Amino acid sequence: MPFIPQTSPEQLIDIQTAGLRWTVEHAYAGSPFYRERMDQAGVRPEDVRTLDDLHRLPFCDAGDLQTGYPYPLRSVPFEDIVRIHASSGTTGKRKVLCYTQRDIDDWRNMFARCYELAGLTPADRVQIAVGYGLWTAGAGFQLGCERFGAMAVPLGPANSDMHCEMMVDMETTVFCATASMALLMAEELHRRGLIDRVKVSKIILGAERHGDSMRQRIKELLGVEHIFDIYGLTELYGPGTGLDCALHRGIHYWADYFILEILDPVTLEPVPPGEPGEMVVTTLRKQAAPLIRYRTHDVSRLIPGECPCGVDFPLHDRVLGRTDDMFIYRAVNIYPGQIDDVLSRIPGLGSEYQIHLLHRDDGRDIMTLKVERGPNVDASADKDLAEAVAGEIRRKIMVRSQVEILDYAALPRTERKSKRVFDHRESMSSFLDQAEAKTETKTG
């Protein structure tokens with residue numbers, strides 16, 4: 001393969017050891033943040049000689065990036081920076097990351113590997129339906145496409161009319177989007193009677209966690225050969241740091257560019273291979289804004305063993321959820337991905353659902369699941385479906401829930417990420433706290 005190198009576990013250890021030592025020295029010399037953080041931890045660059053020394057290094061996370069705004073983690077002179085990207089900034093300041101030209105080159109090479117792993121050729125026409133601008137997604141998909149040599153159709157998250165038109169007229173063969181956007185487009189193409197004029201054979205999904213039922217529904221509607229899952233985050237270059245191969249056993253990640261740890265999010269100790277935990281990453285070549293033990297808050301697991309596809313790079317699972325997405329319901333810690341997994345195994349359900357949490361008047365919490373029935377499933381099955389869902393949730397997750405079965409397509413579709421969890425307890429709790437504060441002020 002021209003982009004994916006052959007390697008071995010021993011070679012990867014050598015690459016990671018040299019890269020770790022370089023990164024620590026580079027960050028300590030160039031970044032006041034890292035120098036102060038390492039000095040506080042009592043570790044200097046010369047103390048890090050092997051991969052076993054990784055645990056001696058301090059962690060960093062999104063809070064550090066926001067505190068250090070506008071140029072957090074910067075480790076090179078401004079003259080060497082050729083670009084910035086930033087997160088969507090849903091809370092607080094945006095997380096801005098800097099890139100040197102080598103960083104950009106490394107990113108596009110990793111992304112070209114992803115296209116190669118997905119079986120693309122230079123004859124493919126790649127329609128890009130993710131966001132451009134400060135966000136890394138659109139730029140990453142296009143960089144990789146141009147490096148790989150396929151034709152990019154760079155629409156971004158445009159409206160459905162434009163996507164349908166370009167998909168037909170450009171004879172698009174690969175569609176890159178969030179899972180929500182892919183489902184929206186699949187349903188829209190059917191609604192418009194265009195499905196027979198579409199030549200899409202592969203879909204690459206990213207930026208949004210999705211379940212097997214949604215993947216299967218998209219696959220059925222579009223009749224595609226493969227749906228691939230791509231990983232990446234703004235802090236770690238952007239999308240393109242790994243992709244699942246055609247066997248779909250897990251995501252091959254480019255371990256010659258970064259070290260991946262899977263840690264218990266509470267103890268921050270390693271979990272055994274195969275067990276879920278928080279993804280923590282350390283870059284090996286990143287110049288402008290290197291990462292040292294960066295807590296992503298994404299939950300995944302390492303998949304042990306070699307992949308029969310022949311690619312030597314290690315595997316991690318698809319993102320199972322986020323530590324900050326977890327909610328507590330009746331003293332049970334629950335990830336939305338757990339709900340998704342249960343629903344995807346029940347025949348007769350669609351792929352779309354919502355989780356609503358609220359307080360009852362007696363102080364107890366209630367969880368209501370709103371779930372679409374599958375297409376062509378009669379409403380007479382609703383009672384049985386609701387009982388099946390409630391029973392499986394209780395059996396697998398050990399909590400009681402109320403279940404509402406909705407018509408197919410009753411829940412909103414979106415060109416971006418679907419919102420799954422609606423925690424009405426938070427707004428009520430905030431309201432009660434404010435009311436209590438006002439009462440204390442008056443009585444005080």
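Which residues make a nonpolar surface patch of about 350 Å²? In this predicted model, the patch is built from Tyr-71, Phe-78, Ile-84 and Leu-134. Phe-78 sits in the loop that runs between α3 (62-67) and β1 (83-86). With a relative accessibility of 43%, Phe-78 falls in the partly exposed class, because that class covers whatever lies between the 20% limit for buried and the 50% limit for exposed.

The loop between α3 and β1 has some backbone oddities too. Most residues other than glycine have a negative phi, and most peptide bonds are trans. Pro-70, in the loop between α3 and β1, is joined to Tyr-69 by a cis peptide bond, with omega at about 10°. Leu-73 belongs to that loop as well, and its phi is positive, near 65°, though the residue is not a glycine. Is Leu-73 buried or exposed? Its relative accessible area is 3%, so Leu-73 counts as buried. Another non-glycine residue with a positive phi is Glu-171, at about 55°. Glu-171 is placed in the loop between α6 (160-169) and β5, and at 34% relative accessibility it is partly exposed.

Turning to the sheet, 9 strands make up an open arrangement with mixed pairing, in the order β4-β3-β5-β6-β7-β8-β9-β14-β13. At the edges are β4 (151-154) and β13 (302-303), each of which pairs on one side only. Strands of a sheet pair through backbone hydrogen bonds, either parallel or antiparallel. Within this sheet, β6 (residues 202-205) and β7 (residues 226-233) are a parallel pair with 4 bridges, and Lys-202 has His-226 of β7 as its bridge partner.

Helix α8 (residues 212-222) packs on the sheet and touches β6, β7 and β8, its direction making about 135° with that of β7. Which residues of α8 are buried? They are Ser-213, Met-214, Arg-215, Arg-217, Ile-218, Leu-221 and Leu-222. These buried residues pack against β6, β7 and β8, and also against α7 (179-191), α9 (336-344) and β18 (349-359). Right after α8 comes Gly-223, with a positive phi near 65°.

Helix α4 (residues 101-117) also lies across strands of the sheet, namely β3 (125-128), β5 (174-177), β6, β7, β8 (236-244) and β9 (251-253), and runs at about 20° to β8. Inside α4, the side chains of Asp-105 and Arg-108 form a salt bridge, 3.5 Å from N to O. The two residues are 3 apart in the helix, about one turn. An α-helix has 3.6 residues a turn, so residues three or four places apart point the same way. Asp-105 is partly exposed at 24% relative accessible area, and Arg-108 is partly exposed at 32%.

Strand β11 (residues 277-283) is mostly covered, with 7 of its 7 residues buried. It runs antiparallel to β10 (residues 258-263), the two being joined by 6 bridges, and Ile-262 stands opposite Met-279 of β11. On to β12 (residues 294-300): this strand is antiparallel to β11 too, over 4 bridges, with Ser-300 of β12 as the bridge partner of Gly-277.

A salt bridge also ties this region together: the side chains of Glu-261 and Arg-293 meet at 2.9 Å, N to O. This pair links distant parts of the chain, since Glu-261 is in β10 while Arg-293, 32 residues away, is in the loop between β11 and β12. Are Glu-261 and Arg-293 buried or exposed? Both are buried.

How many salt bridges does the model hold? The count comes to 22. Side chains of opposite charge can pair when their charged atoms come close. Among the salt bridges is the one between Glu-46 and Arg-44, at 3.1 Å from N to O. Glu-46 is partly exposed, at 46% relative accessible area, and Arg-44 is partly exposed as well, at 40%. Asp-161, Glu-188, Arg-191 and Arg-192 go further and join up in a network of salt bridges.

Finally, Pro-347 lies in the loop between α9 and β18. Pro-347 is exposed, at 69% relative accessibility. Its C-alpha atom is 46 Å from that of Pro-290, a residue 57 positions away along the chain.

Definitions and conventions: Residues are numbered from 1 along each chain as its sequence is written. This is a predicted model: local features need pLDDT of at least 70, side-chain atom pairs count only at pLDDT 80 or more; totals for chains, interfaces and linings use all residues. Side-chain values use heavy atoms; hydrogens and water are left out. Two strands pair if DSSP finds at least two bridges between them. Contact means heavy atoms within 4.5 Å. Axes are lines fitted to C-alpha atoms, for helices over the stretch in contact, and angles run from 0 to 180 degrees between N-to-C directions. Buried means under 20% relative accessible area, exposed over 50%, partly exposed in between (1.4 Å probe, protein chains only). Patches are made of residues with over 30% relative accessible area and no salt bridge: like charges are joined within 9 Å, nonpolar side chains (Val, Leu, Ile, Met, Phe, Trp, Tyr) within 5 Å. Accessible areas come from the Shrake-Rupley method with a 1.4 Å probe; for residues, only the protein chains shown count as cover. A salt bridge is a side-chain nitrogen of Lys or Arg within 4 Å of a carboxyl oxygen of Asp or Glu.
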